[in-house]
Amino acid sequence: MPSEPKRIEVTLETVLDSVDLAESIVMRVAEAAGFDEEDLHKIGMSVREGVINAYNYGNQQDRGRKLFLKVELEEKRMVIRIIDQGAGFDMGEVPDPLAEENLMRTSGRGLFLMKSFMDEFTVQRGPTGGAELVMSKNYPDKVAPKN
Amino acid sequence: MNLQGTPRQVGDITIVDLSGRITLGDGSVVLREILNELTHGGHLKIILNLEDVDYIDSSGIGELVSAYATSQAGNGELKLLNLTRRVHDLLQITKLYTVFDIYSDERSALAGFR
């Protein structure tokens, strides 16, 4: 167990390749932290969805804006933050993708998947006014990140 | 791994054997192009064999939904075959499992066409 939290911060370009890059960075950290294959899949997918959300809806695919990825290994969980430089949004205004009238929509499931796959998921206002997606996954029982 | 699709014909039914990931970018585009080509070529009965697809993100789900809706609108039929556990679970939690016509063996999928 680390004596103090370990933190990684990466600034990403608003390009499609950042989705794969963010996924690969977080997967490496999560693997080292001892998550099993099933959790790794869920974590990786949640990061992809978060960055896709920031790329598409937050930064509106504007290459002049940046995406910020922060990964923190706390004592009992891994916390991931994905921050964009968009206008931010209110989770309460996002249509429910499970509602009958939305089932055939071709988009709008990313936030739902992050909520489903992670132990905790919230959206808050980032430091520059954009959206900050905060998600966490508890370490499997009896596993804590190595020093 | 980038998505690859190989169509094969069984009577008037086209089975597309897919392998790789259906994700935002290449994977979704490849799937869209394969289906557009088939639709424009007059292929109305299509089975997507997802046996070797173990990863679909929300964009990939959107692409499948779009393909299904396009197929229905054009009097076609689209069925899904051999879902991996992860894809199965994904369609379950998004409530799309009941929307798509899903089969676990090819013979049943072929027999499922009108």
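Lys95(B) is partly exposed in this predicted model, because 14 other C-beta atoms lie within 10 Å of its own, a count that falls between the limit of 12 or fewer for an exposed residue and that of 20 or more for a buried one. This residue of chain B is found in the loop that runs between helix H3 (85-93) and strand E5 (101-103), and although Lys95(B) is not a glycine, its phi is positive, at about 65°.

A residue of chain A can be described in similar terms. Gln60(A) is located in the loop between H2 and strand E2 (66-73) of chain A, and it has a positive phi of about 55° without being a glycine. Gln60(A) is likewise classed as partly exposed, with 13 other C-beta atoms within 10 Å.

The values for the two loop residues are set out below.

| Residue | Phi | Other C-beta atoms within 10 Å |
|---|---|---|
| Lys95(B) | about 65° | 14 |
| Gln60(A) | about 55° | 13 |

The remaining description concerns the contact between the chains. To this contact chain A brings 17 residues and chain B brings 16 residues. On the side of chain A that touches chain B, helix H2 (37-58) and helix H3 (110-117) of chain A each supply at least two residues, and H2(A) gives the most, with five residues. By residue class, that side of chain A is made up of nine nonpolar, five polar and three charged residues. H2(A), which gives the most residues to this side of chain A, is also the helix that precedes the loop holding Gln60(A).

Methods: Residues are numbered from 1 along each chain as its sequence is written. Chains are lettered from A and ligands numbered from 1 in the order in which they are written. This is a predicted model: local features need pLDDT of at least 70, side-chain atom pairs count only at pLDDT 80 or more; totals for chains, interfaces and linings use all residues. Two residues are in contact if their C-beta atoms, placed from the backbone, lie within 7 Å. Helices (H or I, at least four residues) and strands (E, at least two) are DSSP runs, numbered from the N terminus. Ala, Val, Leu, Ile, Met, Phe, Trp, Tyr, Cys and Pro count as nonpolar, Asp, Glu, Lys and Arg as charged, and the others, Gly among them, as polar.
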